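Here's a quick tour of a protein model for anyone just getting started with structures. Have a look at it first, and then we'll walk through some of its parts.

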Amino acid sequence: MNLLFLDLETFSSTDLKNAGVYRYTEDPTFEILMCAWTRDRVNYHIAVGEQEILQIPGLFTDTIVAHNAAFERICLSTLEGVRYHDPKRYVDTMAIAAANGLPKSLDALAKALGVEAKDSAGTRLINTFSKPNRGKRIMPSDKPDAWEEFKDYCVQDVKVLVQCYEAMDDRRTPTEKTLFLVDQAINDRGIPVDIRLAQLAVAQADVNTVRQREEFTLLTGVDNPGSVQQVLKWFEEDGYPLPDMTKETVAEHIGRTGDPIRERVLELRQDLALAANKKYVAALNMACQDGRVRGTLGYHGAHTGRWAGRGVQLQNLPSLSFTDEDGEWDEVAEKQAITDLFEGRDVDATTLKKLVRPMFHGPFTVADYSAIEARVLAWLAGEMWALQAFREGRDLYVETAKRLGAKYTRKHGKVAVLALGYQGAVNSLRVMGAEGDDDELVVLVKAWRKANPKIVRFWYRMDDAFWEGGRVGRFVRVEVHGKDRHIVLPSGRRLIYRDVRRSKDGRLSFQDPRGFRQDTYGGRLTENVTQATARDLLAEALILLEQAGVPVVAHVHDEVVAETEEKGKVVRLMTKNPKWADGLPLNAEGFVTERYRKG
């Protein structure tokens with residue numbers, strides 16, 4: 001395999017951070033300024049200007065190694081004038097680093113690996129030549145010395161790239177490598193956006209904001225409703241002091257102030273803080289010429305391997321949706337809100353927030369796994385009664401309540417399942433909405449643990465094995481690699497923890513990819529393993545769906561969004577057990593919808 005290591009420096013009037021590489025390269029001003037490269041890893045070269053770059057041997061045939069290779073792939077696709085190069089021809093050192101529990105930025109990765117450091121002048125040089133400067137583009141002839149420095153910086157980046165590549169073992173499984181290709185295909189495909197709806201929503205949000213600010217000032221006399229200090233001072237002078245203006249505090253006190261003006265002020269503060277407008281702006285910033293938003297999924301964004309959101313952040317959309325009194329989707333209300341927006345009638349801030357998901361239009365099949373973490377945890381730990389309940393289609397929350405005791409209801413069972421599976425206790429129960437005093441909740445904790453002895457045993461075995469190594473249950477093992485620990489998941493994928501230590505009082509900690517120390521324990525490690533395994537099940541499903549020709553356009557946590565009306569096919573492929581997950585009772589539910597929404 002011929003490896004071509006390279007790094008590009010580019011220019012575009014479009015902001016890369018806000019728009020993403022797909023939209024960035026569609027800008028008419030987009031240009032590749034230079035490409036540093038090496039093939040033998042001894043001699044390093046620089047090609048300046050697109051004509052020179054096109055003469056690089058093997059540029060469109062060899063295997064390219066780059067850091068965050070999606071950027072180079074889309075840029076070089078644009079240079080060649082084709083619709084996105086096949087990701088099979090690219091090796092991404094950022095993906096390898098993430099799988100190794102290492103930092104993803106090249107600068108931090110080089111430091112972690114102890115190789116040559118990146119040139120610290122990079123940010124200054126990129127700001128000079130790769131972006132408009134107060135509306136004007138700075139050319140090489142304007143700053144020739146800085147331009148030469150920029151070329152040296154680009155070459156040095158490739159030297160760092162090579163050293164990082166050589167210093168890392170690519171421990172990804174064959175499935176994981178295939179998944180990376182599927183991930184790139186989904187990002188290339190993108191998700192369609194109703195551009196007109198987004199534009200009208202932004203305009204309406206601006207109108208709403210002006211009105212809300214005026215009303216806020218009229219009620220309070222506060223000049224700047226966005227000033228936390230001024231707003232807190234007003235509440236204190238009004239005889240109702242608040243500790244802060246966080247979203248949680250505002251929501252907690254609405255309905256409790258005993259005064260209609262205070263109530264309205266809190267409601268206005270809540271509306272002004274709504275992030276819905278930002279979602280519309282982000283979608284418009286990222287939308288390509290064909291009306292699709294691409295590059296929304298960040299591969300291996302979390303230590304467990306779960307994805308991170310980019311740009312419009314599909315993983316963090318508003319939870320509000322159009323529902324009736326029974327909590328069922330209200331199609332009539334959704335269509336009316338869209339009609340009101342399109343016909344120029346006022347739409348309030350809450351309704352705009354509900355319209356964020358419907359901004360993405362299909363038709364789609366939306367399908368998600370049912371109680372996936374509870375299923376995986378029971379399977380990993382061998383909690384047979386829970387597995388049997390899942391296999392027979394019984395309600396786990398009801399079954400849990402029965403095992404807790406006669407006085408407990410399904411609600412208690414649900415809260416206990418959601419709060420206690422990862423060694424949580426009273427505080428975890430309260431976060432999930434449990435009611436009662438501490439003594440009552442302690443009894444509930446003890447009852448749940450008694451009903452789930454194998455899960456409890458799994459926590460403590462996980463804690464011991466993380467230090468000593470060894471198996472945890474049937475499907476998980478921990479390997480000791482010096483100061484590092486590798487948790488080998490049922491799929492064969494590894495969670496790698498760096499520089500593990502145990503303090504004198506027995507507490508475990510490790511160094512995260514950002515360089516910070518993180519405390520951990522059996523319950524938290526159990527959570528990591530459970531979520532990572534659930535992620536691997538989703539990964540296997542994404543591969544099967546892609547191989548079957550089902551066009552997945554997004555996925556959010558344990559949910560898949562596919563641009564198809566073949567619901568049965570999507571659900572069937574999602575619930576097909578991988579070989580390594582024999583005996584794990586999977587279930588998924590889905591629906592077909594014209595616009596994206598919660599189920």
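## A cavity with a main contributor

Helix α23 supplies the largest share of the lining of the second largest cavity, with four residues. Keep in mind that we're looking at a predicted model here. Two elements give two or more residues each to this lining: α8 (174–189) and α23 (522–547).

So who's on the full list? The second largest cavity is lined by T173, T175, E176, S491, R493, R535, D536, A539 and E540. Sort them by class and you get five charged, three polar and one nonpolar. The volume of this cavity is about 50 Å³.

## The largest cavity

How do you spot empty space at all? Rolling a probe the size of a water molecule over the atoms shows where it is left. In this model, searching the whole structure turns up three cavities of 30 Å³ or more.

The largest cavity holds about 60 Å³ of space. Around it sit A99, R171, R172, T173, H300, G492, R493 and R494. Four residues of that lining are charged, three are polar and one is nonpolar. Notice two names that turn up again: T173 and R493 line the largest cavity, and they line the second largest cavity too.

## Two hairpins in a row

G492, from the largest cavity's lining, also sits in a turn. Strands β13 and β14 make a hairpin with five residues between them, and G492 in the turn has a positive phi of about 95°. β13 (residues 484–488) and β14 (residues 494–502) pair antiparallel over four bridges. One pairing to look for is V488 with R494 in β14.

β14 also pairs with β15 (residues 508–511), again antiparallel, through three bridges. Here R502 has L508 in β15 as its bridge partner. This hairpin has five residues between the strands, and G506 takes a positive phi near 95°.

## A five-stranded sheet

Which order do the strands of the open sheet follow? Reading across, it's β3-β2-β1-β4-β5, with mixed pairing. β3 (45–48) and β5 (90–92) are at the edges with a single partner strand each, so one side of each has no neighbour in the sheet. On average, neighbouring strands are turned by 30° against each other, direction ignored.

β1 (residues 3–11) and β4 (residues 63–66) run parallel, joined by three bridges. F5 has V65 in β4 as its bridge partner. Helix α7 (residues 144–167) packs on this sheet and touches β1, β2 (31–38), β3, β4 and β5. The direction of α7 makes about 145° with that of β1.

Key:
Residues are numbered from 1 along each chain as its sequence is written. This is a predicted model: local features need pLDDT of at least 70, side-chain atom pairs count only at pLDDT 80 or more; totals for chains, interfaces and linings use all residues. Side-chain values use heavy atoms; hydrogens and water are left out. Two strands pair if DSSP finds at least two bridges between them. Axes are lines fitted to C-alpha atoms, for helices over the stretch in contact, and angles run from 0 to 180 degrees between N-to-C directions. Contact means heavy atoms within 4.5 Å. On a 1 Å grid over the protein atoms alone, a cavity is a set of points where a 1.4 Å probe fits but cannot get out, and a pocket is an open set with protein on both sides within 12 Å along at least five of seven lines; lining residues have an atom within 4 Å of a point. Grid points are joined across faces, edges and corners, and a volume is the space filled by probe spheres set on the points. Ala, Val, Leu, Ile, Met, Phe, Trp, Tyr, Cys and Pro count as nonpolar, Asp, Glu, Lys and Arg as charged, and the others, Gly among them, as polar.
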